[in-house]
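Subject: Handing over the structure

Hi,

Here is the structure I promised to pass on to you. Have a look at it first, and then read on for what turned up.

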Amino acid sequence: MSVITLTTDFGTRDNYVGVMKGVILGINPSVCLVDITHEIAPRQIREAAFLLLSAYRWFPSGTVHLVVVDPGVGGKRNPIIVETERYLFVGPDNGVFSLIYEREQEFQVFKISNPQFFLPKVSNTFHGRDIFAPAAAYLSKGTPPSQLGEQINRYVRFPFTGPEIKENILEGEIIHIDRFGNLVTNISEETLKGFVGRDKEEFQIIIKDKILNRICHTYSDVPQGELLVVIGSSGFLDVSANCASAAEMLSAKPGETVRVKRSP
Amino acid sequence: MSVITLTTDFGTRDNYVGVMKGVILGINPSVCLVDITHEIAPRQIREAAFLLLSAYRWFPSGTVHLVVVDPGVGGKRNPIIVETERYLFVGPDNGVFSLIYEREQEFQVFKISNPQFFLPKVSNTFHGRDIFAPAAAYLSKGTPPSQLGEQINRYVRFPFTGPEIKENILEGEIIHIDRFGNLVTNISEETLKGFVGRDKEEFQIIIKDKILNRICHTYSDVPQGELLVVIGSSGFLDVSANCASAAEMLSAKPGETVRVKRSP
Amino acid sequence: MSVITLTTDFGTRDNYVGVMKGVILGINPSVCLVDITHEIAPRQIREAAFLLLSAYRWFPSGTVHLVVVDPGVGGKRNPIIVETERYLFVGPDNGVFSLIYEREQEFQVFKISNPQFFLPKVSNTFHGRDIFAPAAAYLSKGTPPSQLGEQINRYVRFPFTGPEIKENILEGEIIHIDRFGNLVTNISEETLKGFVGRDKEEFQIIIKDKILNRICHTYSDVPQGELLVVIGSSGFLDVSANCASAAEMLSAKPGETVRVKRSP
């Protein structure tokens, strides 16, 4: 049984997600459908890119990841397939796969253009249903990407700004706030260790007017209600709080600066 | 593998939807369960009817559509099955299938009355679990509707008011606002073309104090942040905005009047 | 096909639930995954315990119930398996299974300790992904609990305070408010009947300044917009309203006292 995941900004109040699943099941009745999230803020391609990045590798090899955050629907942007060693991705060519391009060593991009794999009538406002869902369904049945369209070499790739080193300070930012109020930064464990030194455990992490002095191993390393820094489950530095919301405690929002300073 | 879809006003905070799925899987372990939505506003039968209408035909033939928006649970309303050429519908006889009756040429309605297909103990407050879920599960296994109860000829059918022609103006209304702020009207593409003439591209669409002069093909036909009118993915006239919320821009609510005027 | 249910406080905005499902499908590709709810308020173990209690028995025998409400993740609390006659439960040993211990006659508890059944790298912040999801997946494939770890006799069990009799009055409390505003109490049908007498239909139920005089059979036993008391679908006494929200009408919150007085 093959797996298709779904990541959209459709929400769950409308029937759009259900309709896409209906189309998929009409083409591949034995597929397993898994929601990643449908709560991407409307048209927030970067948020979708991050949530996809931190989710895709946990799925079995062969999984098709369908992503529909598509403010340009019906316009000039291409529908594409990205093929990596273990996975297939389907969605609009609007940069939503930028972090996949960054992470994966080798990948190929195909433009979905063969109308034989579209729904018979293609609307101008819901390609999720008319183009992307059928494409994902055919791929999950084993149709090779090259049958859906030709390989392309030009595709949209966002310059996701990673953390930068400025005057001996590593400067990153909050890229996601989760339900628990954990502040996920764009500073990966590797970048951090490269900066402070692999064996160093002490250094300063600065957010707003707070200075935190080390990476904790787990939330309960500090008393309840206190702030801490951990390497979060996605492999990035998180500012968190034990049994409380760091986002509320710091009134922090995505984009907030986080600085790391080597100990003197 | 057969498919059962679920449309309810149960929300996702409680365990009601999960419980219905547990009951279904106890009867048909190999069914594929797909959520349409559980975010119908409590007891809003008309909203459920519209979301069902614009979703049901995208599912494979043989799909059982289970709808539980049931303010009269435990009272006199009948539990029913509606059988059309390609689908089966299960839910309360409170008008929630009115738009299915309107759209489908031929259908039969059955009253679910054979207690052999109920759960052993039927509560007065949760027929979704005790009557509707088992009925859908048995139907998905191939049990014919006639075994669950007898065919009936009287059932509740709402007079869904379509758009009307008043003094040479086609007058419809907003029937649904989606997550993106698209305003879905009750004016179908066919009704519109019948009114303005099949080849006419220019006419006036009036909502609140705004006049829009044509049907666009896609959102990007207008600059970002501007209003437009399209034939939406459900086949109805939508008032939308490119990369913005028409609902916010117009402070529009369901029930708002939308008028179409032929160009002079 | 075996079933795994998921009950968490992860919400649906992040990708945590999707990631757990990816891990499970990597181990058991043919499992059926069912969400109970992911809207448990962050870290609210008691709420999770109640929603699990009123859901678990509706699933087919052999179902694995995975519960991840885990404020102590990465700390000293054990990951455990609870085995009952018909079900397996997987989650943290923080009291979340207390109501299962209370309801089930016989059960065994195992500490999950065999790293062979963990993901290769275990984080300190997401045992749902690294320990609980794999454990549930292996159990769903038939791996016996004893292979995942040894049986234990000490585990956390909350003293869930049931209703008490004080000066001839049965005093309970609101333990859950559902989407419809139904106030679910901790007074079970059995406790009520034991207190008022099995055949008595008349007695006083007091909440805030309201006195209700009998148990109704269904919502429509009272006019629309009026309060009533029913035995709810979970088998507990509910304070509800016909086509309205009892929670709003009474401004009631979880913890609110509900008293039952025998009629004189």
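Let's start in chain C, where S11(C) runs antiparallel to strand S15 (residues 257–262), joined to it by five bridges. Within that pairing, C:Phe203 sits opposite C:Arg262 of S15(C). Before going further, please keep in mind that this is a predicted model.

S11 of chain C, which covers residues 202–207, also has strand S12 (residues 210–214) of chain C as an antiparallel partner, this time through four bridges. One pair to look for there is C:Ile205, which faces C:Leu212 in S12(C). The two strands make a hairpin with two residues between them. If you check the turn, you will find C:Lys208 with a positive phi of about 50 degrees.

Over in chain A, S15(A) pairs with strand S11 (residues 202–207) in the antiparallel sense over five bridges. A:Gln204 has A:Lys261 of S15(A) as its bridge partner. Strand S9 (residues 169–177) of chain A is likewise antiparallel to strand S15 (residues 257–262), again with five bridges. Here A:Glu171 is matched with A:Arg259 in S15(A).

Chain A also holds an open sheet of seven strands with mixed pairing, in the order S2-S1-S3-S5-S4-S6-S7. Which strands stand at its edges? They are S2 (32–37) and S7 (151–152), and each has a single partner strand, so one side of each has no neighbour in the sheet. Further in, strand S1 (residues 3–8) and strand S3 (residues 64–68) of chain A run parallel, paired over five bridges. A:Thr7 is bridged to A:Val67 of S3(A).

Now for how the chains meet. Between chain B and chain A, 31 residues of chain B are in contact with 33 residues of chain A. Together the two chains bury about 2600 Å², with 56% of that on carbon and sulfur atoms. On the chain B side, the residues that lose the most area to chain A are B:Trp58, B:Arg179 and B:Phe180, which together account for 29% of what that side buries.

B:Arg179 is worth a second look: it forms a salt bridge with A:Glu39, and the closest N and O atoms are 3.9 Å apart. How many salt bridges are found across the interface of chain B and chain A? Just one. As for polar contacts, the count between these two chains is 18 residue pairs.

Several strands feed into the side of chain B that touches chain A: S2 (32–37), S9 (169–177) and S13 (227–231) of chain B each supply at least two residues. S2(B) gives the largest share, five residues. By type, that side of chain B divides into 17 nonpolar, nine polar and five charged residues.

Finally, the arrangement of the copies. Chain C can be superposed on chain A by a rotation of 120 degrees with 0.0 Å of shift along the axis, and the RMSD is 0.0 Å. The two copies are therefore related as by a three-fold rotation axis. In chain C, C:Cys32 has the C-alpha nearest the axis, 5.0 Å from it. Do the copies meet through the same surfaces or different ones, and why? Different ones, because only 3% of the interface residues of chain C are also interface residues in chain A.

Cheers

How values were computed:
Residues numbered from 1 in each chain as written. Chains lettered and ligands numbered in written order. Predicted model: local features only at pLDDT ≥ 70, side-chain atom pairs only at ≥ 80, totals over all residues. Heavy atoms only, no water. Contact = heavy atoms within 4.5 Å. Buried area = accessible area lost by both parts, 1.4 Å probe. Salt bridge = Lys/Arg side-chain N within 4 Å of Asp/Glu carboxyl O. Polar contact = N/O pair within 3.5 Å; in protein donor to acceptor, adjacent residues only side chain to side chain. Nonpolar A, V, L, I, M, F, W, Y, C, P; charged D, E, K, R; others polar. Least-squares fit on C-alpha atoms with pLDDT ≥ 70 in both. Pairing = 2+ DSSP bridges.
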